[in-house]
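Dear colleague,

Please find the structure below, together with its sequence. A summary of what was found in it follows.

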Amino acid sequence: MLDIKFVKENIGAVRKNIADRNMKADADLVVRLYDRRNELITTLEASRARRNDNAKSMKGKLPESERATLIEEGKRLKEDIAKMEAELETAEANYKLEAEKLPNMAHPEAPVGKEDKDN
């Protein structure tokens, strides 16, 4: 599997390699899925940090109304995190599936042909 950093930096060459090898893969889709996956990871980590801050703020003595508010927020964060984790799992699976379709880069001197006999 090609390194995503290489794909992003050499997207034109990767597209040409896919076309030259007559394969059905979408390098642009792989990059978009990778970026989406990273966005979800960042959002999920921020939500987990908010959940941890919420839990820390409940330690100690608090007025009952303030504690109830923090408990409700904690429940909401728990539900949001569960949804984001499921979405991240799907995004990672889609990214991996599409990234595995990308062919390795052919040697620059390799002849271009549809089949082995054309080379």
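The chain exposes about 8500 Å², and carbon and sulfur atoms supply 51% of that area. Please keep in mind that this is a predicted model. Of the 119 residues in the chain, 24% are buried.

The secondary structure consists of four helices and zero strands, so that the pattern along the sequence reads α-α-α-α. Among contacts with a separation of 6 or more, 72% join residues 24 or more positions apart.

With regard to the interior, the largest nonpolar core has 13 residues. The members that touch the most other members are Ile4, Val7, Val14, Ala27, Val30, Tyr95 and Leu102. Two or more residues of this core come from each of α1 (4-9), α2 (11-20), α3 (27-57) and α4 (64-99). The largest share belongs to α3, which contributes five residues.

Ala27 merits a closer look in the viewer. Leaving aside residues up to four places away in sequence, Ala27 touches Val7, Ile11, Val14, Arg15, Ile18 and Leu102. Both Val7 and Val14, like Ala27 itself, are listed among the core members with the most contacts to other members.

There is also a second, separate core, made up of six residues. Leu40, Met84, Leu88 and Ala91 are among them. As general background, nonpolar side chains in soluble globular proteins tend to be buried together.

With kind regards

Technical notes
Residues numbered from 1 in each chain as written. Predicted model: local features only at pLDDT ≥ 70, side-chain atom pairs only at ≥ 80, totals over all residues. Heavy atoms only, no water. Core = buried A, V, L, I, M, F, W, Y, C linked by side-chain atoms within 4.5 Å. Buried < 20%, exposed > 50% of the residue type's maximum accessible area, 1.4 Å probe, protein only. Contact = heavy atoms within 4.5 Å. Areas by Shrake-Rupley, 256 points an atom, 1.4 Å probe, with all protein chains shown as cover.
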